[in-house]
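Here is a short tour for anyone meeting this structure for the first time. Have the viewer open and follow along, one spot at a time.

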Amino acid sequence: MKPLKLLALFVIPLGIIIAAVPPDRVKHFRLSADELLQEAGAGVQFVSPDVVADMLVQKDPSLRLIDVRTPEEFDSYSMPGAINIPLSSLLSDEYTDILNQEAYMNVFYSNGSVYANQAWMITRQLGYENNFVLDGGLNYWFGNILSPEAPSVTSPNEEFAKYDFRKSAAAALGGGGVVATEGSATAVKAVKPQVTAKAKKKPAGGC
Amino acid sequence: MGPLAPYEIISENTNFLLAFFIGIAFGWVLESSGFSSSRKLAGIFYGYDAVVLKVFFTGAITCMLGLLFMSLFGWVDLDLIYVNPTYLTSAIVGGVIMGAGFIMGGFCPGTSFCGAAIGKIDAMVFVVGLFIGVYGFAFTYGFWEKMYFAKYLGEPKVSETLGISDGLFGLFMVVAAIGMFAVAEWAEKKFPREEY
Amino acid sequence: MSNNTSTERSRKYLNPYLGGVLLGLVLLAANFVSGRGLGASGAVKSVVATTIEVVDKDATETMPFMKEYAGSHSGSPMKSWLVFEMLGVLVGGFLSGAVAGRLKLKVEHSPKITSRRRLIFALAGGILFGLGSQIGRGCTSGSALSGMAVLSLGGFITMMAIFGTAFALAYFFRRNWI
């Protein structure tokens, strides 16, 4: 009986300890500070508003806009189809499935890009992929996409193409501009940002 | 921070090398606990030798406690540890067939390799049988396929199914294991086997 | 234990609880390193898949079993974690047997039965175990032991099915063992 008693003496207290402590709720950081600094420095998280506008116009199903402002701000105005995840409740369990996924391209936005960028930093550090930040935020969106300013006559052709695109996008999205100038609205073809491969991988099946 | 391979802290080849060393430790522990002897293994079913029960459950609770504590200290990410998927029908049917194989052959796959390594001819024959069985499955796969994928329940943990925390279920398992060991030691005294 | 010889014999083996703790540590190491538990029948499956591929190169497209295998495993079948692990088991078992002086070519069986009968049953048991481990997605080590350690529901069900059946059938095969 002696070895059994010895074993019981060890494992039963350990069992009681593990039953008594709260389960591990730590969100493990998956990216080192160096890696994050490198990504943030390169600005890979920013998506240009033109790309977002194009995806919205084309009703790209992979786009998911996430408003990180407060619910009140979200209620007063939000971008088409956006969902609201206030920055303060970003780490709440109910949003994990939305933020940590591979199917959608999540684009955070706030008034400027500061809060959205913070949301990206936090989720990125948790190792989540496929989250991006709307460059310039709502301020830029309003000022330049929904009510584009006509470029001066001396501007290069690309500027005009961009202007045409923005005007037509604004029309489609219910913004200020109404009639597109002649010329093709599809001149600026949106390029989907490169989505990096998932680093971690689940081990394959058992025996 | 573990697990090492899914986090890509170690390369694939290092992982294979470590697999080899872990295998050596596995084989050593199995053999030195007496798992290379089919009569010792089968003893559990007649009460004369409960070594299988003791080693098997002590191993399971040790690893379980180890994983729970390592997760608590943030050393291992349980989300990345492979949890066997549960296909209810095939788990039961497969288990019943394996149980019949166990009582007839006296080995399970791991222990038969161990027995074969120290020259047990019955273990070698069992290994040959294993290969025949797996080939048999490979060529009759279509016949089993429907049942093979029936009643898929995802990858649930028992604790989730029961709605309790991992730790609490761990405690239950530890207590249950110690209780079983006590019964087994009683049975060993009650049904001694004549030595040969 | 009843007599002196058995004490002699059991002294050679590790105490089962010590063996169990060591087994648990090995299993823990496997989980920590590779994120998966131990296994045995998976290595057999890899070898089987390799040989089928060598004999019939189109098998991956034509045989449903091979399709399923290719779907869940990447790369060459022999370059698998479990194959390396099982090679280690052979080495480890041999070393332990050599140290303890248990290396001997023999058929172990109850004095009440012949070697021939033992070998026939070993073969039948092996066939059943091979088949069952494929249907149940893992054997005693891969599904029951590793599954229980990670609290997998499937692992517990498989474990209970294996031991329950073996207990239920024990009576009919008692002559083989006692």
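## A covered helix in chain A

In α3(A), the buried residues are A:Pro49, A:Asp50, A:Val51, A:Val52, A:Ala53, A:Asp54, A:Met55 and A:Leu56. Bear in mind that this is a predicted model. Helix α3 of chain A spans residues 49-57, and with 8 of its 9 residues buried, it is mostly covered. What do those buried residues pack against? Their partners, also in chain A, are the strands β1 (46-47), β2 (63-67), β4 (105-109) and β5 (131-134), together with the helices α7 (137-146) and α8 (157-172).

Both ends of this helix have something to look at. At the N-terminal end, A:Ser48 acts as a cap: one of its side-chain oxygens sits 3.1 Å from the backbone nitrogen of A:Asp50. After the helix comes A:Lys59, which has a positive phi, near 55°.

## An arginine in a loop

Staying in chain A, look for A:Arg69 in the loop that runs between β2 and α4 (71-76). Is A:Arg69 buried or exposed? Its relative accessibility is 8%, so A:Arg69 counts as buried. Its side chain has a polar atom 3.4 Å from the backbone oxygen of A:Glu73, and the side chain also makes a polar contact of 3.2 Å with the side chain of A:Asn111. Leaving out residues up to four places away in sequence, A:Arg69 touches several others, including A:Phe74, A:Tyr77, A:Asn84, A:Tyr109 and A:Leu138.

## Chain C and its serine

Over to chain C, which has 10 helices and 0 strands. Its Cα atoms fill a box of roughly 60 × 40 × 35 Å along the principal axes. The chain has 178 residues, and 56% of them count as buried. Take the contacts between residues at least 6 apart in sequence: 53% of these join residues at least 24 apart.

For a single spot in this chain, try C:Ser146 in helix α8 (residues 140-149). Setting aside neighbours within four places in sequence, C:Ser146 is in contact with C:Leu27, C:Gly37, C:Leu38 and C:Ser141.

## Where chains B and C meet

Now for a pair of helices from two chains. Helix α3 (residues 51-72) of chain B and helix α2 (residues 16-34) of chain C have axes that come within 7 Å and cross at roughly 40°. That angle is why α3(B) is oblique to α2(C). The crossing of α3(B) and α2(C) is right-handed. Among the residues that meet here are B:Val55, B:Gly59, B:Cys63 and B:Leu67 from α3(B), and C:Gly20, C:Leu23, C:Gly24 and C:Leu27 from α2(C). The contact's residues divide into 13 nonpolar, 8 polar and 1 charged.

Helix α3 of chain B also holds B:Phe57. Not counting residues up to four places away in sequence, B:Phe57 touches B:Val52, B:Ala177, B:Met180 and B:Phe181, plus C:Met148 and C:Met159. B:Phe57 and B:Phe181 are 124 residues apart in sequence, yet 8.9 Å apart in space from Cα to Cα.

Here are the buried residues from the stops above, each with its relative accessibility.

| Residue | Relative accessibility |
|---|---|
| A:Arg69 | 8% |
| C:Ser146 | 4% |
| B:Phe57 | 10% |

Conventions. Residues are numbered from 1 along each chain as its sequence is written. Chains are lettered from A and ligands numbered from 1 in the order in which they are written. This is a predicted model: local features need pLDDT of at least 70, side-chain atom pairs count only at pLDDT 80 or more; totals for chains, interfaces and linings use all residues. Side-chain values use heavy atoms; hydrogens and water are left out. Axes are lines fitted to C-alpha atoms, for helices over the stretch in contact, and angles run from 0 to 180 degrees between N-to-C directions. Helices (H or I, at least four residues) and strands (E, at least two) are DSSP runs, numbered from the N terminus. Angles under 35 degrees count as roughly parallel, over 145 as roughly antiparallel, 65 to 115 as roughly perpendicular and the rest as oblique. A crossing is left-handed if the near helix is turned anticlockwise from the far one by less than a right angle, and right-handed if clockwise. Contact means heavy atoms within 4.5 Å. Ala, Val, Leu, Ile, Met, Phe, Trp, Tyr, Cys and Pro count as nonpolar, Asp, Glu, Lys and Arg as charged, and the others, Gly among them, as polar. Buried means under 20% relative accessible area, exposed over 50%, partly exposed in between (1.4 Å probe, protein chains only). A polar contact is a pair of N or O atoms within 3.5 Å; within protein, one must be able to donate a hydrogen and the other to accept it, and residues adjacent in sequence count only if both atoms are side-chain atoms.
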